[in-house]
Amino acid sequence: EKEKTGDMLISLIVPCYNEEEAMPLFYQEGAGGKNIKGSHNADFEIIFVDDGSKDGTLHTARKLHRQDDRVRY
């Protein structure tokens with residue numbers, strides 16, 4: 001539904017293991033990719049893949065998703 005003919009979607013796939021503290025920082029840098037649309041005519045998404053973390057990694061991914069629907073987990 002987001003993609004239009006000729007547009008491209010870039011997916012940043014990020015494996016995470018106990019990255020609760022680093023994820024918001026990564027998101028801030030990745031979300032700076034709003035310029036991707038202008039420079040590459042592409043939308044983007046960030047996909048965090050939790051690899052059995054023992055900390056709040058999954059909670060953080062859910063929180064980031066609620067703030068920005070381009071974030072997936």
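Two strands count as paired here if DSSP finds at least two bridges between them. With that settled, let me go through the fold. This is a predicted model.

I'll start with the sheet. Three strands form an open sheet in the order β1-β2-β3, with parallel pairing. The edge strands are β1 and β3, since each pairs on one side only. Strand β1 covers residues 8-16 and is joined to β2 by nine bridges. To find the register on your screen, take L9, whose bridge partner in β2 is D43. Further along, I13 has I47 in β2 as its bridge partner. On the other side of β2 comes strand β3, residues 71-72, which pairs with β2 over two bridges, again in the parallel sense. There, I46 stands opposite V71.

Now the helices. Which strands does α1 touch? Helix α1 packs on the sheet and touches β1, β2 and β3, and its direction makes about 165° with that of β2. Helix α3 also packs on the sheet, in contact with β1, β2 and β3, at about 155° to the direction of β2. In terms of connection, β2, α3 and β3 make a right-handed β-α-β unit.

Let me stay with α3, residues 57-67. Which of its residues are buried? T57, T60, A61 and L64. Seen down the helix axis, the buried residues fall within an arc of 100°, so they line one face of α3. What do they pack against? The answer is β1, α1, β2 and β3. On the other side of the helix, H59 and R66 are exposed.

Last item: S53. Where is it? S53 sits in the loop between β2, residues 42-50, and α3. Is S53 buried or exposed? Its relative accessible area is 16%, and the cut-off for buried is under 20%, so S53 counts as buried.

What does its side chain do there? A polar atom of the S53 side chain lies 2.7 Å from the backbone nitrogen of N18. The S53 side chain also makes a polar contact with the side chain of T57, at 3.4 Å. T57 is one of the buried residues of α3 mentioned a moment ago. Leaving out residues up to four places away in sequence, S53 touches C16, Y17 and N18. Of these, C16 falls within β1, which spans residues 8-16.

To recap, the sheet is β1-β2-β3 and parallel, α1 and α3 pack on it, and S53 lies in the loop that leads from β2 to α3. That's the end of my part.

How values were computed:
Residues are numbered from 1 along each chain as its sequence is written. This is a predicted model: local features need pLDDT of at least 70, side-chain atom pairs count only at pLDDT 80 or more; totals for chains, interfaces and linings use all residues. Side-chain values use heavy atoms; hydrogens and water are left out. Helices (H or I, at least four residues) and strands (E, at least two) are DSSP runs, numbered from the N terminus. Buried means under 20% relative accessible area, exposed over 50%, partly exposed in between (1.4 Å probe, protein chains only). A polar contact is a pair of N or O atoms within 3.5 Å; within protein, one must be able to donate a hydrogen and the other to accept it, and residues adjacent in sequence count only if both atoms are side-chain atoms. Contact means heavy atoms within 4.5 Å. A crossover is right-handed if, with the strands pointing away from the viewer, the path from the first strand over the helix to the second runs clockwise. The arc is that of the directions from the helix axis to the C-beta atoms. Axes are lines fitted to C-alpha atoms, for helices over the stretch in contact, and angles run from 0 to 180 degrees between N-to-C directions.
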